[in-house]
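Work through the exercises below with the sequence and the 3D view at hand. Each task is followed by a solution in steps.

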Amino acid sequence: NEDKLRAERMKFALELMYNADNIYIAYGKKGISIKINKAQVKNADLLNEMEDFWEGEGVTKKVSAQGVIYRFTA
């Protein structure tokens, strides 16, 4: 499935940009989320570049006390 492949690619990219306890994909009824527990940015330049690209593709970002969530509709 194309959406699952997109999520796997995003997860792989996020692993290069964040130090985290855990990065995982959560599949919901309306969309797919990539969740990053206890996120610490390790490559800010690359992260900013990718976030700009993903924003153009409809990905939203939410930051909470637990970590960061990137989400897109499937």
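**Exercise 1. The hairpin of strands 5 and 6**

Task: Find how many residues join strand 5 to strand 6 in their hairpin, and describe how the two strands pair.

Solution.
Step 1. The model is a predicted one. In it, strand 5 leads into strand 6 by a hairpin, with three residues as the link.
Step 2. Strand 5 covers residues 60–63, and strand 6 covers residues 67–73.
Step 3. The two strands run antiparallel and are joined by four bridges.
Step 4. Two of the partners can be looked up in the view. Thr-60 has Arg-71 of strand 6 as its bridge partner, and Lys-62 has Ile-69 of strand 6.

**Exercise 2. From hairpin to sheet**

Task: State in which order the four strands form the open sheet, and say which strands are its edge strands.

Solution.
Step 1. Start with the other hairpin: strand 2 and strand 3 form it, with three residues between them. Their pairing is antiparallel and extends over six bridges.
Step 2. Locate partners across this pair. Asn-22 has Asn-37 of strand 3 as its bridge partner, and Ile-25 stands opposite Ile-34 in strand 3.
Step 3. Now connect the hairpins. Strand 3 pairs with strand 6 in the antiparallel sense, over seven bridges; in this pair, the bridge partner of Ser-33 is Arg-71 in strand 6.
Step 4. Reading across gives the order 2-3-6-5, an open sheet of four strands with antiparallel pairing.
Step 5. Strand 2 (22–27) and strand 5 (60–63) each pair on one side only, and these are the edge strands. From one strand to the next, the twist averages 20°.

**Exercise 3. Two helices**

Task: Describe how helix 1 lies relative to the strands and decide whether helix 1 is roughly parallel or antiparallel to helix 2.

Solution.
Step 1. Helix 1 (residues 2–17) lies across strands 2, 3 and 6, and runs at about 165° to strand 2.
Step 2. Two packed helices are described by the angle between their axes and the distance between the axes.
Step 3. For helix 1 and helix 2 the angle is about 155°, and the axes are 10 Å apart.
Step 4. Angles over 145 degrees count as roughly antiparallel, so helix 1 is roughly antiparallel to helix 2.
Step 5. The contact is made by Met-10, Ala-13, Leu-14 and Met-17 on helix 1, and by Leu-46, Leu-47, Met-50 and Trp-54 on helix 2. The crossing of the two helices is left-handed.

**Exercise 4. The nonpolar core**

Task: Find which elements supply residues to the largest nonpolar core, and which element gives the most.

Solution.
Step 1. This core has 17 residues. Those with the most contacts inside it are Leu-14, Tyr-18, Ile-34, Trp-54 and Tyr-70.
Step 2. At least two residues each come from helix 1, strand 2, strand 3, helix 2 (44–56) and strand 6.
Step 3. Helix 1 gives the most, with five residues.
Step 4. Take Leu-14 as a case. Leaving aside residues up to four places away in sequence, Leu-14 touches Ile-23, Ile-34, Ile-36, Trp-54 and Tyr-70.
Step 5. Look also at strand 3: five of its seven residues are buried, and the strand is mostly covered.

**Exercise 5. Val-68 and Lys-38**

Task: For Val-68 and for Lys-38, decide whether the residue is buried or exposed.

Solution.
Step 1. Val-68 is located in strand 6. Its relative accessibility is 7%, so Val-68 counts as buried, the limit being under 20%.
Step 2. Beyond four places in sequence, Val-68 touches several residues, including Tyr-18, Ile-34, Ala-39 and Val-63. Val-68 and Gln-40 are 28 residues apart in sequence, with their C-alpha atoms 9.6 Å apart in space.
Step 3. Lys-38 belongs to the loop between strand 3 and strand 4 (40–41). Its relative accessibility is 58%, so Lys-38 counts as exposed, the limit being over 50%.
Step 4. Check the backbone of Lys-38 as well: phi is positive, about 50°, although the residue is not a glycine.

Conventions:
Residues are numbered from 1 along each chain as its sequence is written. This is a predicted model: local features need pLDDT of at least 70, side-chain atom pairs count only at pLDDT 80 or more; totals for chains, interfaces and linings use all residues. Side-chain values use heavy atoms; hydrogens and water are left out. Two strands pair if DSSP finds at least two bridges between them. Axes are lines fitted to C-alpha atoms, for helices over the stretch in contact, and angles run from 0 to 180 degrees between N-to-C directions. Contact means heavy atoms within 4.5 Å. A nonpolar core is a set of buried Ala, Val, Leu, Ile, Met, Phe, Trp, Tyr and Cys residues joined through side-chain atoms within 4.5 Å. Buried means under 20% relative accessible area, exposed over 50%, partly exposed in between (1.4 Å probe, protein chains only). Angles under 35 degrees count as roughly parallel, over 145 as roughly antiparallel, 65 to 115 as roughly perpendicular and the rest as oblique. A crossing is left-handed if the near helix is turned anticlockwise from the far one by less than a right angle, and right-handed if clockwise.
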